[in-house]
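Look at the structure below. The questions after it deal with domains, a pair of helices and a pocket.

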Amino acid sequence: MIRVLIAEDMHMIRSALVALLTLEDDMEVVAELERGDTVVATALRVRPDVAVLDIDMPGLDGLTAAEHLHGKLPGCRTLVLTGLSQPGNLLRALKVHVQGFIVKDAPARTLTDGIRRIARGERVIDPDLVAAALETGSSPLTARETEVLRVAATGVPVTQIAIELSLSQATVRNYLSNAIGKVGARNRIDAIRISRDAGWL
């Protein structure tokens with residue numbers, strides 16, 4: 001029996017996933033979560049074989065939760081099920097030891113087969129996403145530029161970004177200018193859009 005933990009913040013989707021997996025004779029859903037920051041503690045308690053994680057969750061995003069889960073419970077294999085098909089997310093997922101990456105609009109059979117293959121130790125990655133990731137490449141932004149751009153994406157002014165990241169306003173402007181140049185954007189808003197589409201934020 002494959003023990004499965006599901007973390008998905010949208011109730012209807014989470015319920016549908018549980019209903020789908022409950023129909024499988026060789027799977028048991030041992031936990032249903034709606035927040036990313038509860039994944040590790042719950043996994044340590046229920047000891048799933050496979051964790052199916054959404055990326056966009058409150059508390060902690062699914063990829064960061066997957067990284068923490070690998071550190072605390074390396075025997076639990078992770079499958080990311082997401083509607084965010086940006087290639088950058090796939091690259092980041094691979095870096096944090098995610099074994100599976102499937103988009104939500106894939107057929108249901110893709111998910112159940114994917115869980116079985118991952119439980120056997122295989123990797124399951126959408127081939128179209130792999131091709132797109134190879135074309136896009138990794139993020140050209142440094143960690144600090146990414147952090148500044150991520151805060152800027154919340155709509156706050158430079159003064160607030162500087163306060164939040166403990167930087168001077170001039171330094172924030174330099175990071176933003178570098179980020180705009182590196183992604184080939186026209187301005188800050190364009191840089192945020194380009195980076196989001198590529199999955200770099």
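Q: Into which domains is the chain divided?
A: This is a predicted model, in which local features need pLDDT of at least 70, side-chain atom pairs count only at pLDDT 80 or more, and totals for chains, interfaces and linings use all residues. Residues are numbered from 1 along each chain as its sequence is written, and side-chain values use heavy atoms, with hydrogens and water left out. Domain bounds come from an automatic or database domain assignment. The chain is divided into domain 1 (2-134) and domain 2 (143-198).

Q: How far apart do the C-alpha centres of domain 1 and domain 2 lie?
A: Each domain is represented here by its C-alpha centre. The distance between the two centres is 30 Å.

Q: Are α1 and α5 roughly parallel or roughly perpendicular to each other?
A: Helices are DSSP runs (H or I, at least four residues), numbered from the N terminus. The axes, lines fitted to C-alpha atoms over the stretch in contact, have angles from 0 to 180 degrees between N-to-C directions. Those of α1 (residues 11-22) and α5 (residues 108-119) come within 11 Å and cross at roughly 65 degrees. Angles under 35 degrees count as roughly parallel, over 145 as roughly antiparallel, 65 to 115 as roughly perpendicular and the rest as oblique, so α1 and α5 are roughly perpendicular.

Q: Which domains each give at least three residues to the lining of the largest pocket?
A: A pocket is an open set of points on a 1 Å grid over the protein atoms alone, where a 1.4 Å probe fits, with protein on both sides within 12 Å along at least five of seven lines; lining residues have an atom within 4 Å of a point. At least three lining residues come from each of domain 1 and domain 2.

How values were computed. Helices (H or I, at least four residues) and strands (E, at least two) are DSSP runs, numbered from the N terminus.
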